[in-house]
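Reader: I would like a close look at a single part of this protein, with the reasoning spelled out as you go. Please take me through how its elements are packed.

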Amino acid sequence: MAGIQVSRGTRDILPTEVSYWQFIEATAREILGRAGASEIRTPIFEQTELFLRGIGEATDVVGKEMYSFNDRGDRGLTLRPEGTAGVVRSFIENSLYAQGDVQRLWYVGPMFRYERPQAGRQRQFHQLGLEVLGSGDPRADVEAIAIATDILKAIGLKDLTFDLNSIGDKDDRTQFRAALIAYLTPYKADLDPDSQDRLTRNPLRILDSKNKETQKILHDAPSILDHLSDSSKARFDRVQQLLADLSIPCQINSKLVRGLDYYSHTVFEIQSADLGAQATVCAGGRYDGLVTELGGPETAAIGWAMGLERLVILLQKLGNLAMASTVDFYLVSRGTAAEGQALRLVQQLRQAGFKAELDLSGSAFGKQFKRADRSSAKACLILGDAEAEKGTVQLKWLASGEQAELVQAELASHFQGWRDRLDGVS
RNA sequence: GCGGGCGUCGCCAAGUGGUUAAGGCAGCGGCUUGUGGUGCCGCCAUCCGGGGGUUCAAGUCCCCUCGCUCGCCCCA
């Protein structure tokens, strides 16, 4: 039990679990590809400055959750806590905006946040995200959302709730902020401590407080939706209408605000009731100001990210993924000459497209057959001293027990027949 | 960063201060030294996350520490 263990908040993804990951990633890759999105891979660490400016210095993520360090050259670096900032940095640095009107970029990979680990929340976790850069059209919002819901649907998730809101533009929020402060200030003493603190620092965040008392007070609070400018409101209406056209059901939640500073207008969150406190499975929104904030040309943009660990948890709960990987042929051999020939045959089978496993134990035939069973192989190829000498091999189909002796040199002539038989069996 | 629960073999799990730490699954070996799936037999924790302490005596009580877990916070 002593010895070195994984770091707190990190974990291994073992072979029994990794098939879920591969399934999710393959499904997403397929759907994103069909939508004309291109994968982009950016570094795991970036200059700390990028996140300070991109995410916002006042946010908790930047304030107390980043893995920041100085390297040997005394550069201030940070393990990326999210994916958008790096993609936008790359978009600007590589002048991707010059390559056409809209860039649809997606990414997948590990992110790092120093948080207290919890179910569905780790210090190293994985996100898959999409960024659509270069369009402020409401259709871009809905297209991005539709891609996300397509992915979630394709991997088989049900019973998800989709919350939608608009937090308007900067001016809308300035107005609303004043109204909210004016409303809440008389109740200040009754708010939970965190919310009291936020009243001046970041009053919008009070809206999604889980504190019951605070929520009661918020019941009659002004709504952001009543403080949208005409154009912001029209934009939001259009988004809702387009979603309805696509039959994507959503509920308007005027208290939905996002934790990162760069969002504007459309924000949304997709949650599952089966995840406990960390219920959000996918979240995102529009961030029209971020590209200029990071030194690029004015570029409208919308994006989202999914938490892969959470998707895997949900998928495992459904338990509907039959991941049994069966073996076609299991090679049983004993004796120096036979073992050498078996190694050659197993390679020949693999190169012909069969899934073949070679028993390396060198133990008694009985033991090797037991292992063949456990591997759920369909057939055994058996080589002992007698076969090695004659240049033959025994083929035994495990389900029926039928066995035949074949000439090694003629093995390839049986391949097509075996393929047909294996296809029939499975 | 704050609060609650938990931590016994690879996995599940008994064990409520008293001699040698149940059991099941898995694994390994044998019956069966060239033929499997069943069956039977045997082997698999000098040790109870780690470190201190209390006691004649601790896996069982106390303290510290590490980790997991649930919630807060935060967020994907």
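Author: A residue is called buried here when its relative accessible area is under 20%, and exposed when that area is over 50%. The model is a predicted one, and the part I shall look at begins with helix 6.

By that measure, the buried residues of helix 6 are Asp172, Arg173, Phe176, Leu180, Tyr183 and Leu184. Viewed down the axis of helix 6, these buried residues fall within an arc of 85°, so they line one face of the helix. On the other side of helix 6, the exposed residues are Lys170, Asp171, Thr174, Gln175 and Ala182. The cover over the buried residues of helix 6 includes helix 7 (193-201), helix 8 (212-218), helix 9 and strand 9. In length, helix 6 has 15 residues and reaches 21 Å from its first C-alpha to its last, close to the 21 Å expected at 1.5 Å a residue. At the start of helix 6, a side-chain oxygen of Asp169 comes to within 3.1 Å of the backbone nitrogen of Asp171.

Helix 9 (residues 230-245), which is part of that cover, can be read in the same manner. Its 16 residues should span 22 Å at 1.5 Å a residue, and the C-alpha atoms at its ends are indeed 22 Å apart, which agrees. The buried residues of helix 9 are Ser232, Arg235, Phe236, Val239, Leu242 and Leu243. Because they cover an arc of only 125° around the axis, they are on the same side of helix 9. The face turned away from that buried side carries the exposed residues Asp230, Ala244 and Asp245. Among the elements that cover the buried residues of helix 9 are helix 5 (138-154), strand 7 (160-166), helix 6 (170-184), strand 8 (251-252), strand 9 (264-272) and strand 10 (280-286). Helix 6 is thus in the cover of helix 9, just as helix 9 is in the cover of helix 6. Just after helix 9, Ser247 takes a positive phi of about 55°.

For the setting further along the chain, there is also a sheet to describe. This open sheet of 5 strands has the order 13-12-14-15-16 and mixed pairing. Its edge strands, each pairing on one side only, are strand 13 (356-358) and strand 16 (403-407), and the twist averages 25° from one strand to the next. Strand 12 (residues 329-333) and strand 14 (residues 379-383) are paired in the parallel sense over 5 bridges, with Leu331 standing opposite Leu381 in strand 14. Helix 12 (residues 336-351) packs on the sheet and touches strand 12, strand 13, strand 14 and strand 15 (392-397), its direction making about 160° with that of strand 13. Helix 13 (residues 365-374), for its part, lies across strand 12, strand 14 and strand 15, and runs at about 170° to strand 12.

Strand 14 and strand 15 run antiparallel and are joined by 4 bridges, and the bridge partner of Ile382 in strand 15 is Gln394. Of the 6 residues of strand 15, 5 are buried, so this strand is largely enclosed by the rest of the structure. Strand 15 also pairs with strand 16 in the antiparallel sense, over 5 bridges, and here Lys396 stands opposite Gln403 in strand 16. The hairpin of strand 15 and strand 16 has 5 residues between the strands, and in that hairpin Gly401 takes a positive phi near 85°.

Technical notes
Residues numbered from 1 in each chain as written. Chains lettered and ligands numbered in written order. Predicted model: local features only at pLDDT ≥ 70, side-chain atom pairs only at ≥ 80, totals over all residues. Heavy atoms only, no water. Pairing = 2+ DSSP bridges. Helix = DSSP H or I, 4+ residues; strand = E, 2+ residues; numbered from the N terminus. Axes fitted to C-alpha atoms, helices over the stretch in contact; angles between N-to-C directions. Contact = heavy atoms within 4.5 Å. Buried < 20%, exposed > 50% of the residue type's maximum accessible area, 1.4 Å probe, protein only. Expected span 1.5 Å × (residues − 1). Arc of directions from axis to C-beta. Polar contact = N/O pair within 3.5 Å; in protein donor to acceptor, adjacent residues only side chain to side chain.
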